[in-house]
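Reader: I have a structure here that I don't know yet. Can you walk me through a few of its contacts?

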Amino acid sequence: MPRPLMWLARVVTTLVVLCLALAGAGVLAVRASFPQVSGDLKVKGLTGKVTVYRDKTGVPHIYADSSEDLFLAQGYVHAQDRFFEMDFRRHVTAGRLSEMFGPSTLPEDKAIRTMGWRRIAERELPMLSEQTRRYLDAYARGVNSWMEQHEGALGKSLEYGLLRLTNSGYQPEPWTPVDSVAWLKAMAWDLRSNLSDEIGRAVAASKLPRERVEQLWPGYPFGTHRPIVTKGSVTDHGFDQAQEPRGASPGPEESADPTALTGAAATVAAVPSLMGDPKGGNGIGSNSWVVGGAHTASGKPLLANDPHLAPGMPSIWYQAGLHCRTKSERCSFDVTGFTFSGLPGVIIGHNDRVAWGFTNLGPDVADLYLERVKDDSYLFMGEWRPLTTRAEKIEVAGGDPVTLTVRETLHGPIISDVMGDAKDALPGAAAVFREPADAVALKWTALEPGRTADAIFDLNTARDWPSFRAAASKFEVPSQNMVYADVDGNIGYQAPGRIPVRTRGDGTWPVPGWTGEYSWQSTIPFQDLPSAYNPPEGYVVTANNAVVDPGRYPHMLTKDWAYGYRSQRILDRLEAEIAKGKVDVETMGAVQQDTGNGLAPFLVPRLTALKVAGDPARALDLLRSWDGSQGVDSAPAAYFNAVWRHLLIETFNDDLPEVAWPTGGDRWFEVVRVMLDRPEDPFWDDTRTPQRETRDDMLRRAMALGYDELRRLLGEDVKAWRWGEVHTLTLTSQTFGSSGISLVERLFNRGPFPVPGNDDAVDAAGWDVQEGYEVSWLPSMRMVVDLADLDRSRWINLTGASGHAFHANYWDQAPLWADGGTTPMLSREESVRKAAVDTLTLTP
């Protein structure tokens, strides 16, 4: 070999060896933080032996002889797989992100400190039952036992290694029960119902008269989309499903100043979304339904659930089984399901007798009050009262501490303060009330301490409908639709939650705080909340649709439901399947994967009736024989959704402030569906042009723009377009996954994956029409429980059990999830042992 080539070869060889050595060192460093999942471990605090079986997906089933040992081991196992996620979450809920990440997270910390999530959790803890506090203490001991054993390994993990590049002094603190309880506030915030709608109405009214604003929030279509509970009303003894109605809900009230909500909107947007839609409410949803044995192949109930939440890496959920070897008063748990890392117990799942699922009920539990403020006082009923103030010191990594002064009225914290000076952020006076407004306060049920943590353990040990309802009565925030089934063949539905009764108003608009007319009187008694037990139709469907027709119910729950496109599709599918024969687990799973577009039957005929010239006509031909399904390979689905995106942008952006621009979802389905019969509706006109546009003008424009966009993205051949090529999901780490450094992002993020469905298909994969087709909320898990044989149940998580990048279980479930697949949801000990690939024994 010539000398120059020999020299080059040696250099290349040296570089290759060096790269391999560095890669090997990197692999060893990464693997150092992986958990031990087999063999024996000593764990401080245990009183007896605990066995942890893991299947090939890394899902643990924990077996113990006492409840305290069970939850101590759950804390230990959660920390093994997800400690960085747990540490991050508790800093979010405490408003202490800046201690980890520096000044870039100050807006989030200020917003959460203003609301005082952790302060509320600290007040909740002593209110909980002695038993719940024992379980929380045991869980914290388990987390701390893991921390003590793995202090050195923390620095070797990818996340802490990267964090210490910018924050070398960071050291995690011991876990506390308050860290666990505070997570419930994050859950409540992301499922907080109509606060974003309240702001949206008011901001929209800065450009439009009230009647046109109301058009953008149409009433629920009770005539075509059934509510959850179709029979019953409130009697002197509570809700009776056989009772005829005897009252109706309050009517609408006047609005408040729209311009004063800009600061509040910014505050709401500043709070990080850990569970729901990043936009703050547009994508929060879920499906759950239960079918009684009269309609099933086994003769016993089936229960399905798939909560729609924001995607993340790792998933919001952690699958686990918690089992007492021998059930007794000392140890009463035998439960399998989806947990939250950082919180003991199972949130959604089943025990050996009862299964349950959740969807967001969405009652109006938060109101915005416009306040008149002068110096250190606020006006209330003609009297200037002193503001309540407190100082919050926020530590900032790499910088000086920041002191935040939080101000409160009797209605709650002034949330507009955290975005700057209130008088600058909140311009103008409340024109509707002809009084100046200086600030916006938030009244929210989650800012009062409650007993939701008690409810979790009571649900886990419920044995029948009465004990299930007793547990539900403690599930105060967030208020959820709860479906029920048991091994005896019973099914049911219960609406729980702390829901206010207002002196005046319906909660749809911000109201003046200074008049004293809009206070909360009380909350709806639990016994008055809608429920159904073994309804005559033999099934219950919830998908964030209206719970009950207000003509049948005397209390105001909310006016801002989802509009029932998903729920009605599920009902239609179930009734069709029941008519064909008996329903089984596979049928339930197939309904979960239904991708039908609820607006297509209304919009497609309008589009195909138009004469369209040029290239867009080729794309329009795709819709003529389309069945409305939205699989990843569908060319018609790609074109229809592109048309829908541009139709919303072109029709409404010119009329609305940016905060109120349409993002998609079934509210906009209903707005457009009604407008299709009004070809001269003012919204069709583009106010930026001199001529007056009509419905058909805007439909043609949307078709042309949709065609141009897809031609640019997917090519000239319209038949080769694929919905899954643009409708994709990238699983993104909430911390380093959006750092802006591509190398770091590649370490933690996975994807993109092609995803079927759309915003309000049953297989709901939402996207923001203003930003593009990237999926921003989705079925965060799927579960079908078979009460005839619990081992025939199925489940899937969005990502995987592990929070460690490059671990085999970091994202192993994601491809199967994207394809609509599931894995066995085993719970019997013999089945769990047979499926185990790793067995870990924990001893005192």
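**Salt bridges and a helix pair**

Author: Arg711 is partly exposed, at 31% relative accessible area (buried is under 20%, exposed over 50%, partly exposed in between, with a 1.4 Å probe and protein chains only). This is a predicted model, where local features need pLDDT of at least 70, side-chain atom pairs count only at pLDDT 80 or more, and totals for chains, interfaces and linings use all residues. Residues are numbered from 1 along each chain as its sequence is written, and side-chain values use heavy atoms, leaving out hydrogens and water.

Reader: Which side chain meets Arg711 in a salt bridge?

Author: That of Asp615, at 3.9 Å, N to O. A salt bridge here is a side-chain nitrogen of Lys or Arg within 4 Å of a carboxyl oxygen of Asp or Glu.

Reader: Where do the two lie?

Author: Asp615 is in the loop between helices H18 (600-608) and H19 (616-621), and Arg711 is in helix H22 (residues 695-714), so the pair ties together parts 96 residues apart in sequence.

Reader: How many salt bridges does the count come to?

Author: 59. One of them joins Arg407 and Asp417, at 2.6 Å, N to O.

Reader: Are Arg407 and Asp417 buried or exposed?

Author: Both are buried.

Reader: New topic. At what angle do the axes of H16 and H17 cross?

Author: Roughly 150°, and the axes of H16 (residues 565-580) and H17 (residues 585-592) come within 10 Å. That makes H16 roughly antiparallel to H17 (the cut-off is over 145 degrees).

Reader: Which residues of H16 make the contact?

Author: Ile570, Arg573, Leu574 and Glu577, with heavy atoms within 4.5 Å counting as contact.

Terms used: Axes fitted to C-alpha atoms, helices over the stretch in contact; angles between N-to-C directions. Helix = DSSP H or I, 4+ residues; strand = E, 2+ residues; numbered from the N terminus. Parallel < 35°, antiparallel > 145°, perpendicular 65-115°, else oblique.
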